[in-house]
Amino acid sequence: MKRDAFFDNAKLVLIFLVVFGHIIQPFTDGSRPMYTLYTWIYTFHMPAFIFLAGFFAKGSGEKDYILQLAKKLILPYLIFQLVYTGYYFFIGKGATLSGIFYPHWSLWFLFSLFCWHILLYWFKKIPPFLGVAIAVQIGVLVGYFSDIGHHFSLSRTFVFFPFFLVGYWLTKEHVHKWRTRRVKEASLVVMAIVASVIALFPEFSSGWLLGSKSYEVLGSPEMGGVFRLGVYVLAAVMTISVFAWVPNTQYRLTYLGGRTLYVYLLHGFFIQFFRQADWFKVDHVFDVLGLAIVAAAIVYVLSSGIIRTLTQPFIEGRIQLLKKWWHRVNHKDSSFQS
């Protein structure tokens, strides 16, 4: 699929928010402004990311595609599951590997993404509206089962699958219709209202937005299904509202939107170190701006050519960039000697 500046810009904005959200999470306790900002981001950033993953899954379903997907997602999942276990021990976090299929931190996304592609094999044979309705029902029902949680990333897989499925069925034309002036104006109102409600009702648990806990754990064993439906609507409206403002222009840094997998897998090394070292504090709005700059720097560094060259064998199972680098080095040496 030909690269589109809008989608690369969207992925760049979202991966920045993923990193920024993880940086500010420790400062949400006891701070209503920080909790509001954190929760506001979480109302849409993962549903929107998952929507884009589904959008670019148009070729899903063929046997060779699934094999390539396993190489692209399951292999790095297994590698980084082990690497993060060792890293946690190294920085004094004290975490141990509780199970190869109990994902460390953000690694759940890789395992769930693989599962969404598998589910798509069956769901793409169902009419779009019916398929999405069934996916939503499943996402609502799993919350009533306490045994469905982090293991195999089952809860998040089912809870977020509707966004992946919607992304698969929608086209560029559908998405670009969200960028009209009327939608932009309405989106400002929506985003402001959502932020205000979160600020006014801080007792609302951000756990509802994570998709990893049962309704019993969240304190609503009976009405949890209704709340999850509300969260689905909230996430959909917020995703459209944010996408309405994503520019369709090719900027200098737009290309970074094509390198989000590297940022997603590697940024945890920074975040977990910062949390253990307790380097940062938030006492002023400028501290928040400083953390935003740190998040942007992490995104930029982890998208750089040198990082991609060194980590491509582990993340993509390829050494293409290393070969290019080696070829350039040898070519320079040959030119120098001649």
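Q: What is a salt bridge?
A: A salt bridge is a side-chain nitrogen of Lys or Arg that lies within 4 Å of a carboxyl oxygen of Asp or Glu. A search of the whole structure finds three salt bridges.

Q: What kind of model is this, and how are its residues numbered?
A: This is a predicted model, in which local features need pLDDT of at least 70 and side-chain atom pairs count only at pLDDT 80 or more, while totals for chains, interfaces and linings use all residues. Residues are numbered from 1 along each chain as its sequence is written, and side-chain values use heavy atoms, with hydrogens and water left out.

Q: Which parts does the salt bridge between Asp 4 and Lys 172 tie together?
A: Helices are read as DSSP runs (H or I, at least four residues), numbered from the N terminus. In this structure, the side chains of Asp 4 and Lys 172 meet at 3.7 Å, N to O. Asp 4 lies in the segment before helix 1, whereas Lys 172 lies in helix 8 (residues 172-176), so the pair ties together parts that are 168 residues apart in sequence.

Q: Is Asp 4 buried or exposed?
A: Buried means under 20% relative accessible area, exposed means over 50%, and partly exposed is in between (1.4 Å probe, protein chains only). Asp 4 has 15% relative accessibility and counts as buried, while its partner Lys 172, at 26%, is partly exposed.

Q: Where do Arg 181 and Glu 185 lie?
A: Both lie in helix 9 (residues 181-200), four residues apart, which is about one turn of the helix. Their side chains meet in a salt bridge at 3.1 Å, N to O; Arg 181 is exposed at 66% relative accessibility, and Glu 185 is partly exposed at 43%.

Q: Which residues touch the most other members of the largest nonpolar core?
A: A nonpolar core is a set of buried Ala, Val, Leu, Ile, Met, Phe, Trp, Tyr and Cys residues joined through side-chain atoms within 4.5 Å. The largest one here has 95 residues, of which Ile 50, Trp 116, Phe 164 and Phe 243 touch the most other members. Helix 1 (residues 5-24) gives the most to this core, with twelve residues.

Q: Which residues does Trp 116 touch?
A: Contact means heavy atoms within 4.5 Å. Leaving aside residues up to four places away in sequence, Trp 116 touches Ile 50, Trp 108, Phe 109, Arg 156, Thr 157, Phe 160, Phe 161 and Phe 164.

Note on methods:
Helices (H or I, at least four residues) and strands (E, at least two) are DSSP runs, numbered from the N terminus.
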